[in-house]
Amino acid sequence: MDSSFPKTAKEYIQWVFSPHVGVFCDEEAENSCLRNNLKFVDLIQPFCKLPDEVGISDPNRCLITLKNFRLVLQDINTKPPVPAVAKKILKVSFDDLSTPWYDKWKEAFHQLQHPFDHEFTKHLLACIFATNLGIRLLLVACEVLQANKQHSEAAMYYIKLTSEDSDLLSALMLEQAASCFLKAGLVNKSGMRRKFAFHMTLAGHRYSKAGQKLLSLRANVLASKVMLLLLLNCSQSVAC
């Protein structure tokens, strides 16, 4: 069994509920890491555990002090093993006689878990982009355009970053584009709000394809709220 596997109940709970962060690494950056026989996620994972105390703010902005805080990095392109393979891995965990079989089985079970609708231990809370210098320039350009109130132009750059290769990356970029369209609608044309709803719906679809059901639900709820407001305004205009 992995020596990092928790020994006490407190350590086990903290291990299971460690926050997960998605990592998108393009081919060029990944190949640079493979020169050391490590993937990008494997290269930086050892630096994601802080042995000292660290302060984190909860949703109510209250400071919580944690010790041995740990982040789990997850390649967003990694797919879970098919059920037959997963069952075989769990079965093999019984063969290790050096540790209690249940501890080994628990470790394998949690590592094999994939985000599901009924649990949240593996849902991503953030995303890291390890990309080539081109994508970075586009992201910087988006920030510059937004700082100059050119939100619709920034949205078009975000849309250019979508692709068929990564559903999660595309969902993130579509959500950013939708937010830009909404900001443009607030300071310019109300028609941009329809673009917000459209692109947020697309983001919800790509989140769903990526297995992020909660993020998909959130995106669709946001889109429906804006569409409902537009329909209400339209109805009031007709009534007048």
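Trainee: Which residues make the nonpolar surface patch of about 440 Å²?

Mentor: In this predicted model, the patch is made by I13, F17, F120 and L214. Take L214 as an example: this residue is found in helix α10, residues 213–239. Its relative accessibility is 44%, so L214 counts as partly exposed.

Trainee: Okay, on to rings. How many aromatic pairs does the count come to?

Mentor: The general idea is that a pair of aromatic rings is described by the distance of the centres and the angle of the planes. Here the count comes to one aromatic pair. The partners are W105 and F109, with ring centres 5.2 Å apart and planes at 10°, so they are stacked.

Trainee: Where do W105 and F109 sit in helix α5?

Mentor: They are four residues apart in helix α5 (residues 101–112), and therefore about one helical turn separates them. As for accessibility, W105 has a relative accessible area of 24%, so that residue is partly exposed. F109 comes out at 32%, which means that F109 is partly exposed too.

Trainee: And which residue lies over the face of Y12?

Mentor: That's K106, at 4.3 Å from the centre of the Y12 ring.

Trainee: Let's try a helix. What should the 18 residues of α9 span?

Mentor: At 1.5 Å a residue, helix α9 (residues 192–209) should span 26 Å. Its end C-alpha atoms are 26 Å apart, so the model agrees with that expectation.

Trainee: Which residues of α9 are buried?

Mentor: Buried here means under 20% relative accessible area. The buried residues of α9 are M192, F196, A197, H199, M200, A203, G204, R206 and Y207. After α9 comes G211, a residue with a positive phi near 85°.

Trainee: How should I read a positive phi in general?

Mentor: Most residues other than glycine have a negative phi. Against that background, look at N68: its phi is positive, near 60°, and this residue is not a glycine. N68 is found in strand β3, residues 63–70. With 34% relative accessibility, N68 counts as partly exposed.

Trainee: What about K149: where is that residue found?

Mentor: K149 is in the loop between α6 (135–147) and α7 (151–160). Its phi is positive, about 65°, although K149 is not a glycine.

Trainee: Is K149 buried or exposed?

Mentor: At 61% relative accessibility, K149 counts as exposed, because the cut-off for that label is over 50%.

Definitions and conventions: Residues are numbered from 1 along each chain as its sequence is written. This is a predicted model: local features need pLDDT of at least 70, side-chain atom pairs count only at pLDDT 80 or more; totals for chains, interfaces and linings use all residues. Side-chain values use heavy atoms; hydrogens and water are left out. Patches are made of residues with over 30% relative accessible area and no salt bridge: like charges are joined within 9 Å, nonpolar side chains (Val, Leu, Ile, Met, Phe, Trp, Tyr) within 5 Å. Accessible areas come from the Shrake-Rupley method with a 1.4 Å probe; for residues, only the protein chains shown count as cover. A salt bridge is a side-chain nitrogen of Lys or Arg within 4 Å of a carboxyl oxygen of Asp or Glu. Helices (H or I, at least four residues) and strands (E, at least two) are DSSP runs, numbered from the N terminus. Buried means under 20% relative accessible area, exposed over 50%, partly exposed in between (1.4 Å probe, protein chains only). Rings of Phe, Tyr and Trp (its six-membered ring) pair if their centres lie within 6.5 Å; planes under 30 degrees apart count as stacked, over 60 as edge-to-face and the rest as tilted. A charge sits over a ring if NZ of Lys or CZ of Arg is within 6 Å of the ring centre and within 35 degrees of the ring normal. The expected span of a helix is 1.5 Å times one less than its number of residues.
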